[in-house]
Amino acid sequence: MKILLIFFCTACLFFNGEQVALSHQAETDVQEDIQWYEWEQEAFDRAQAEDKLILLDLTAVWCHACHVMDQTTYADPQVLALLQSNFIAVRVDTDQRPDLESRYRTGGWPTTSLLLPTGEILFQANSLEPEVMIELLKEAKVLYESERVDLREEADQLWNRVKEHGQTNESPSGTLRSSMASHSVEMMKREFDLVNGGFRDHPKFFEPEAIQMALSYGFFEHDEELIDMGLTTLEKQVALLDPVWGGFYRYAEQADWSQPHFEKMLTVQAQNLHNYVRAYQFTENTEYKYIAMRIIDYVEKFLVDPQTGQFFESQDADVRDQDGKTFVSGAEYFSWNSTHRKARGMPLVDKRMYTGSNADMAWAYLHAAQAFGKPMLKNRALHVLPQIMMERFDKETGVAHGAMGDSPRLRGILSDHIRLGLALLEAYRATEDPNFLQNVESLAQSTELLLGDVNGGGFFDRPRSPGNLGLLKMPTKPARENIQAARLYLDLFHLTNNDEYRLTAQRTLQSVVTTPQPLPISLIGLAMDEWFRAPVHIAVVGMSDDMRTRTLLTEAHRLYCPGKMVKQFDPQNGTMKWGEIVFPYDGKPAAFLCTDQMCLAPVSQAEGLKGRLDELLSVLREAVL
């Protein structure tokens, strides 16, 4: 085996990025014979004092291959002896430490890395069998002992480049073009799997933003081919829906969505719930509503904490015994009926509750509540979001990644900030409660202070700190989180008319498009389409206690129109003005469909809203032509 030096790949991480709490050691397969350190100063101090390489095991509670490796490779006596005598072993839970995952994961889970004593990457692989690990450890020890001076020099060069880049004072200057959205669509069409749906061959992962882009852009541009791509993918990927308990498995190995990996992740449920709700709103096909409700059924039964109402992180694929050994594989277990499953035991539920994924699920619940008329879902979300803000948000240190009982409580992670902000904005849209908007604005200000790049635009993935270890010292501005941040600040601008939010969104997008890192095609297309396409405004004018007003308002929220803004105006509460438009009131409730430039004649019946929206979109398309 030839060990590969990948310092230059590591340097690429300077342009990439991503988020924690800790321990729940009893829920993982930690081997008592290995002295596993957490990612902490003590591990690095010992590695440097003893001049030893670090073996970093990036693992996950739900990861099947991680459990297998624990029961084989890390239980092998020769591996144990090599690790104990020649290496410092560090284990990191990927859900607890997304900031480390973004810098050290390669391929999938587990990621097995050999690091210099200061944390730079020497070698990486995924799951390793005992004999391969033994050979790797022996070769790495010999290599380091013979070439440590050169390796340290390369590490120093890496940090010099990081320092030089960090001293730039250039403002973001990337040009934003509306054609970027259409270019994303062209690439999606080229990558689309005509037979099986989805936008890759295999393995088949969910690509929620691609579906959202297909439905949204297709809706506005009347692109039937694109719409069909989104709906076809939603229909084909149902192969990964658990037919007994509901909920979606994590991914499939084959192009036809077969050979699932049976883990069930909270974020996967939230993303899919959003898109099946969108599909139902768009088509009014009740099959999409049925699938969405099967997701909700699963989450309510397995992933809701009965004490706090918050959401658990995941459920394992396999049933394992107390020693962590697989008792029943996921492939066998999930082929059984409910009674048989319960009789054999339950796959482990990871009961940690993380900010970002809880925000994702709360947002999805609010979306489903509006589309399906389910107050329980709205109430659940409106309970979770204020709870998170109260317990985990601090203006000076940001949002905590984990719940109160977890440690360490990682704070100020960009992904948590943005996902929570987007969910709070949805809560404001659903309720028009100004407290939610105030929460978002406080969060936005904290995000800029803690993570904003004042000179270059955009946001770093975590706060800088002299105590950061290894590649955490490398400032990164991840594309995905920055694009989502731009969308959040753009939404804030539309809701508040504060130009500072629009400027932040613009600088963030400019920073993203000029950064030499791969861009998520569908997500950048969505952001560019939203940047250049003014949102539709639906103003509902009428007395709040009038049933006709409430019916119009309900239908306005239910109507499919991506990015729409719905607002109620009660004649008893002062001037009925939105921007520069003042709405008349003749004693009867009415809904006005507008852009920032024009309004159509009002609608007094809820069933007339869709037709008036079609009319507005037709006018807008003709204006473009």
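These exercises work through aromatic pairs, charges over rings, a helix packing and a loop in a predicted model.

**Exercise 1. Classify the ring pair of W36 and Y74, and place both residues in the chain.**

Step 1. Start with the total: 29 aromatic pairs are counted in this model.

Step 2. Take the geometry. The ring centres of W36 and Y74 lie 5.1 Å apart, and the planes meet at 85°. Planes over 60 degrees apart count as edge-to-face, so this pair is edge-to-face.

Step 3. Locate the partners. W36 sits in the loop between α1 (7–12) and α2 (41–50). Y74 sits in the loop between α3 (64–71) and α4 (77–86). The pair therefore ties together parts that are 38 residues apart in sequence.

Step 4. Check burial. The cut-off for buried is under 20% relative accessible area. W36 has 15% relative accessibility, so W36 is buried. Y74 has 1%, so Y74 is buried as well.

**Exercise 2. Do the same for Y280 and F372: which class of pair do their rings form?**

Step 1. The centres of the two rings, Y280 and F372, are 5.4 Å apart and their planes stand at 65°. The pair is therefore edge-to-face.

Step 2. Y280 belongs to helix α10 (residues 266–283) and F372 to helix α14 (residues 355–372). The pair links distant parts of the chain, 92 residues apart.

Step 3. Y280 has a relative accessible area of 14% and counts as buried. F372 is buried too, at 9%.

**Exercise 3. Which residues does the ring cluster that includes W245 contain, and which charged residue lies over the face of W245?**

Step 1. Follow the ring pairs. They join W245, Y249, F262, Y298, F302, Y333, F334 and W336 into a cluster.

Step 2. Look above the ring of W245. R341 lies over its face, 4.6 Å from the ring centre.

Step 3. Add another case. K473 lies over the face of W159, at 4.9 Å from the ring centre.

**Exercise 4. Describe how helices α19 and α20 pack.**

Step 1. Choose the descriptors. Two packed helices are described by the angle between their axes and the distance between those axes.

Step 2. Apply them. Helix α19 (residues 499–513) and helix α20 (residues 521–532) pack at about 140°, with axes 12 Å apart.

Step 3. Give the hand. The crossing of α19 past α20 is left-handed.

Step 4. List the contact. From α19 come R502, A505, Q506, L509, V512 and V513. From α20 come I524, A527, M528 and W531.

**Exercise 5. Compare T595 and A601 in the loop between β19 and α22: is each buried or partly exposed?**

Step 1. Place them. T595 is in the loop between β19 (590–594) and α22. A601 is also found in the loop between β19 and α22.

Step 2. Read the accessibility. T595, at 7% relative accessible area, is buried. A601, at 49%, is partly exposed.

Step 3. Find the surroundings of T595. Beyond four places in sequence, T595 contacts P535, H537, I581, L616 and L620. The T595 side chain also reaches the backbone nitrogen of Q597 at 3.0 Å.

Step 4. Turn to R612 in helix α22 (residues 609–624). Leaving out residues up to four places away in sequence, R612 touches L593, L600, A601, P602 and V603. The R612 side chain reaches the backbone oxygen of P602 at 3.4 Å.

How values were computed: Residues numbered from 1 in each chain as written. Predicted model: local features only at pLDDT ≥ 70, side-chain atom pairs only at ≥ 80, totals over all residues. Heavy atoms only, no water. Phe/Tyr/Trp six-rings, centres within 6.5 Å; stacked < 30°, edge-to-face > 60°. Helix = DSSP H or I, 4+ residues; strand = E, 2+ residues; numbered from the N terminus. Buried < 20%, exposed > 50% of the residue type's maximum accessible area, 1.4 Å probe, protein only. Lys NZ or Arg CZ within 6 Å of the ring centre and 35° of its normal. Polar contact = N/O pair within 3.5 Å; in protein donor to acceptor, adjacent residues only side chain to side chain. Contact = heavy atoms within 4.5 Å. Axes fitted to C-alpha atoms, helices over the stretch in contact; angles between N-to-C directions. Left-handed = near helix turned anticlockwise from the far one by under 90°.
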